[in-house]
Amino acid sequence: MQREEKQLELTLEALISQVADLKNSLVSFIYKLENEYDRLTWPSVLDSFALLSGQLNTLNKVLKHEKTPLLRNQVIIPLVLSPDRDEEIMRQTEGRVPVFSHEVVPDHLRTKPDPEVEEQEKQLITDAARISPDAAQKQIQSLNKMCSNLLEKISKEERESESGGLRQNKQTFNPADTNALVAAVAFGKGLSNRRPPGSGASVQSGQPGAGAIIAGASGIQQVPMTGAPAQQQPMLAGVQMTPAGQPGKMPSGIKTNIKSASMHPYQR
Amino acid sequence: MEAPPVTMMPVTGGTINMMEYLLQGSVLDQSLESLLHRLRGLCDNMEPETFLDHEMVFLLKGQQASPFVLRARRSMDKTGMPWHLRYLGQPEIGDKNRHALVRNCVDIATSDNLTDFLVEMGFRMDHEFVAKGHVFRKGIMKIVVYKIFRILMPGNTESIEPLSLSYLVELNVVAPAGQDVVSDDMRNFAEQLKPLVHLEKIDPKRLM
């Protein structure tokens, strides 16, 4: 007996807190609708609805919880009805119910649904009783199948549109650029001032590997240029400017050039 | 056989053979901001650090076919920082399971007469570039997002132009040899940057 009472108390507390949350979200939603209706967007309205639906769900879960005693078996009886203002009730209901009197009680403590709703429910119950259990089972199955089909279609559509959109708009990296940058850092492809960039590619493929050797002064030793003579200047100074974004294509004749041009200071 | 973790290795003097584990990718200029936001969230909480470095690559050509490469880097925006000399070996041909590029690496801080010293030793500058970007850290991992600028007139770091419309993204760890678990951590981190950036092991020899 005592355990049930305790359970009842706990359940009531949980219910009260849930209902308070629900009330708060309703209040904020109404405020939003009344005051910000000109700036309101559909996603924001959807958010509020989703919030309310979530809270209703948790309320349902609390009611269905196994530790909840059968509230149906409890009865609420008003003990005292008075037409005077009751401060306690005012405070509890935030000023909405000032008097606990004969007109207020039937509305608030009602357990029967409205007459129209009761009619509809009776109708539905008689309809349901008329169908045989097999037919009912078949109807349930077909409903489930249609719902799952629909869900599948929606999720597939969502996935496809998402990935398609990503591929179209959000190309965040370019593999060709990656290779060009890695080559630049690893061995200076497209970087050095002694290698004419991009537009000289066709010229370079024609020339043989060993061009003239420019023996620079004690400073920078220059590898032979395989471009036209005009390009054999140590300083490019803006003559050969690759348009940004086009890393030059370098011939790999550089190895042979090094052999022929090696002027190691320590060589005998 | 995997080497025991660093904390258990006895200190016998000399240097530990350090390896650099590397993953590289790139991101287009317009997506840089989203990448930086994501990195700021994923990485250790520190002040966003930008850098502007000038790197010169020096070659020593001997009788052998492949020249010896040393990289000298100096900071252009931070005063008082030492020059940084780095040697990077050939990438280790590990099994395909290793997720990152692994190569031997030696890092040394030097004074600022480094270029004169190298030239006297017989090195010649092969190429140079300017790197400008951001650096982030997560534990021992370092993530660098930078743009490479070509230097138009040798020696003049003011006249530079960007090499491409992308930023290079590098994830690297310098750790002792044999710590293969590092590359697993790197791969997990790289997963978090998809689909913005695809960090992968790019063999530079393939791009020659």
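**Close-up views of a predicted model**

**View 1. Strands β2 and β6 of chain B run antiparallel, joined over eleven bridges.** Everything here comes from a predicted model. Strand β2 covers residues 49–60 of chain B, and β6 covers residues 124–138. For one rung of this ladder, look for B:V57, whose bridge partner in β6 is B:H127. Eleven of the 15 residues of β6 are buried, so the rest of the structure largely encloses this strand.

**View 2. On to the hairpin that β6 and β7 of chain B form.** Strand β7 takes in residues 141–153 and pairs with β6 in the antiparallel sense, over ten bridges. Here B:R137 stands opposite B:K142 of β7. Two residues sit between the strands, and B:G139 in the turn has a positive phi of about 65 degrees.

**View 3. Stepping back, chain B has three helices and nine strands.** Follow the sequence and you meet them as β-α-β-β-β-β-α-β-β-β-β-α. Of the 208 residues in this chain, 46% are buried. Chain B exposes about 10,900 Å², with 55% of that supplied by carbon and sulfur atoms.

**View 4. The largest nonpolar core brings together 28 residues.** B:Y21, B:L35, B:L39 and B:M186 are the ones with the most contacts inside this core. Two or more residues come from each of β1 (18–28), α1 (32–42), β7, β9 (166–176) and α3 (181–193) of chain B. Zoom in on B:L35: leaving aside residues up to four places away in sequence, B:L35 touches B:V27, B:V145, B:V169, B:L193, B:L196 and B:V197. Another core, of 18 residues, lies apart from this one; among its members are A:A183, B:F51, B:F129 and B:L168.

**View 5. Now for the aromatic rings, which make four pairs over all chains.** In chain A, A:F29 and A:F49 meet edge-to-face, 5.2 Å centre to centre and with 70 degrees between the planes. A:F29 belongs to helix α1 (residues 2–35) and A:F49 to helix α2 (residues 42–64), and the two are 20 residues apart. A:F29 is buried at 8% relative accessibility, while A:F49 is partly exposed at 44%.

**View 6. In chain B, B:F51 and B:Y146 make a tilted pair.** Their ring centres are 6.2 Å apart and their planes differ by 55 degrees. B:F51 is in strand β2 and B:Y146 in strand β7, so the pair ties together parts that are 95 residues apart in sequence. B:F51 is buried at 11% relative accessibility, and B:Y146 is buried too, at 2%. Elsewhere, B:F68, B:Y87 and B:F123 form one aromatic cluster.

Definitions and conventions. Residues are numbered from 1 along each chain as its sequence is written. Chains are lettered from A and ligands numbered from 1 in the order in which they are written. This is a predicted model: local features need pLDDT of at least 70, side-chain atom pairs count only at pLDDT 80 or more; totals for chains, interfaces and linings use all residues. Side-chain values use heavy atoms; hydrogens and water are left out. Buried means under 20% relative accessible area, exposed over 50%, partly exposed in between (1.4 Å probe, protein chains only). Helices (H or I, at least four residues) and strands (E, at least two) are DSSP runs, numbered from the N terminus. Two strands pair if DSSP finds at least two bridges between them. Accessible areas come from the Shrake-Rupley method with a 1.4 Å probe; for residues, only the protein chains shown count as cover. A nonpolar core is a set of buried Ala, Val, Leu, Ile, Met, Phe, Trp, Tyr and Cys residues joined through side-chain atoms within 4.5 Å. Contact means heavy atoms within 4.5 Å. Rings of Phe, Tyr and Trp (its six-membered ring) pair if their centres lie within 6.5 Å; planes under 30 degrees apart count as stacked, over 60 as edge-to-face and the rest as tilted.
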